[in-house]
Amino acid sequence: QVQLEESGGGLVQPGGSLRLSCATSRYALDYYTIGWFRRAPGKGREAVACLDSRNGRITYEDSVKGRFTISEDKTNNTVNLQMDNLQVEDTGDYYCAADTPPGCGLLSPYWGQGTPVTVSS
């Protein structure tokens with residue numbers, strides 16, 4: 001069983017930054033692909049960024065490239081999402097999930113409860 005817990009969401013103005021953190025286990029980091037997903041109001045869930053620590057492979061959704069950075073911290077067993085230059089369209093609930101490598105999709109078997117991000121002036 002893999003457990004994941006998100007934190008760091010909140011309200012930020014356009015152009016601002018937030019850092020989300022996904023707390024999990026060392027086992028999850030070593031054996032699963034960890035992804036960050038979001039669900040914007042009225043839309044479906046989509047993958048934002050994925051990290052496979054077995055080989056360092058990282059992928060980003062096109063709209064966040066150059067603004068978001070996914071990274072892992074094996075000292076604290078977290079996968080973090082640094083979000084810079086946030087835009088109103090980045091608003092939504094953000095989730096982390098663990099998937100069997102090399103997958104990182106909506107069928108991920110393990111999910112956190114989510115943390116809300118609101119970008120508004």
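Me: What makes Asp52 count as buried in this predicted model?
Reply: Asp52 has a relative accessible area of 2%. Buried means under 20%. The value falls under that cut-off, so Asp52 is called buried.

Me: Why is the contact of Asp52 with Arg54 called a salt bridge?
Reply: The closest N and O atoms of Asp52 and Arg54 are 2.7 Å apart. The definition asks for a side-chain nitrogen of Lys or Arg within 4 Å of a carboxyl oxygen of Asp or Glu. The pair meets it, so the name fits.

Me: How do you know that Arg67 and Asp90 form a salt bridge?
Reply: Their side chains meet at 2.7 Å, N to O. The cut-off is within 4 Å, so this pair qualifies.

Me: What does the pair Arg67 and Asp90 tie together?
Reply: Arg67 lies in the loop between β6 and β7. Asp90 lies in the loop between β8 and β9. The pair therefore ties together parts that are 23 residues apart in sequence.

Me: Are Arg67 and Asp90 buried or exposed?
Reply: Arg67 has a relative accessible area of 12%, and Asp90 has 0%. Buried means under 20%, so both are buried.

Me: Why does Arg26 count as partly exposed?
Reply: Arg26 has 41% relative accessibility. Partly exposed lies between the cut-offs of 20% and 50%, so the label fits Arg26. Asp30, at 27%, is partly exposed too.

Me: Where do Arg26 and Asp30 sit relative to one another?
Reply: They are four residues apart in helix α1, which means about one helical turn separates them. Their side chains meet in a salt bridge at 3.2 Å, N to O.

How values were computed
Residues are numbered from 1 along each chain as its sequence is written. This is a predicted model: local features need pLDDT of at least 70, side-chain atom pairs count only at pLDDT 80 or more; totals for chains, interfaces and linings use all residues. Side-chain values use heavy atoms; hydrogens and water are left out. Helices (H or I, at least four residues) and strands (E, at least two) are DSSP runs, numbered from the N terminus. Buried means under 20% relative accessible area, exposed over 50%, partly exposed in between (1.4 Å probe, protein chains only).
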